[in-house]
Amino acid sequence: MPYMILLLAILVEVIASLALKASGGFVRLGWSVLALTGFGLSLWLLARVSAVLPISITYPTWAGLGIVGATIGGAVFFAERITAQHMAALALIVGGVVLMHAPLAAWAGGSR
């Protein structure tokens with residue numbers, strides 16, 4: 001269940017980030033409210049997950065996958081260009097998140 005809440009926190013954060021862009025610098029009220037509410041809700045969800053899972057797992061996952069989601073959302077909704085350099089950077093971020101979740105036993109012969 002904590003991972004479902006973490007995924008929800010990431011989704012809400014991505015939506016809030018896209019609403020922030022759509023707000024035009026907090027000029028458009030509806031998008032501004034959605035952005036602020038979304039960031040608040042996302043942080044609340046992240047806090048709930050952090051009470052159960054290590055922050056060394058929750059925060060990098062939330063931040064990293066939020067970056068990936070916002071980048072893809074920017075391309076889809078705002079026609080922002082994703083270059084090969086962006087793709088390589090996103091692959092490194094996803095790789096880092098996967099590595100954060102890799103069992104310690106795979107690296108040190110011990111258990112987590």
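Which residues form a nonpolar patch on the surface? The views below are of a predicted model, in which local features need pLDDT of at least 70, side-chain atom pairs count only at pLDDT 80 or more, and totals for chains, interfaces and linings use all residues. Residues are numbered from 1 along each chain as its sequence is written, and side-chain values use heavy atoms, with hydrogens and water left out.

**View A. The nonpolar surface patch.** Leu8, Leu11, Ile15, Trp31 and Leu34 form this patch, with about 450 Å² of accessible area together (Shrake-Rupley method, 1.4 Å probe, only the protein chains shown counting as cover for residues; patch residues have over 30% relative accessible area and no salt bridge, that is, no side-chain nitrogen of Lys or Arg within 4 Å of a carboxyl oxygen of Asp or Glu, and nonpolar side chains are joined within 5 Å). The elements that give two or more residues to the patch are α1 (2-22) and α2 (29-50) (helices are DSSP runs of H or I, at least four residues, numbered from the N terminus), and α1 gives the most, with 3 residues. Leu8, found in helix α1, is partly exposed, with a relative accessible area of 41% (buried is under 20%, exposed over 50%, partly exposed in between).

**View B. The loop residue Ser23.** Ser23 lies in the loop between α1 and α2 and is buried, with a relative accessible area of 0%. Not counting residues up to four places away in sequence, Ser23 touches Arg28, Trp31 and Ser32 (contact means heavy atoms within 4.5 Å).

**View C. Contacts of Leu18.** Leaving aside neighbours within four places in sequence, Leu18 is in contact with Ala70, Gly73, Gly74, Phe77 and Phe78.

How values were computed. Patches are made of residues with over 30% relative accessible area and no salt bridge: like charges are joined within 9 Å, nonpolar side chains (Val, Leu, Ile, Met, Phe, Trp, Tyr) within 5 Å. Buried means under 20% relative accessible area, exposed over 50%, partly exposed in between (1.4 Å probe, protein chains only).
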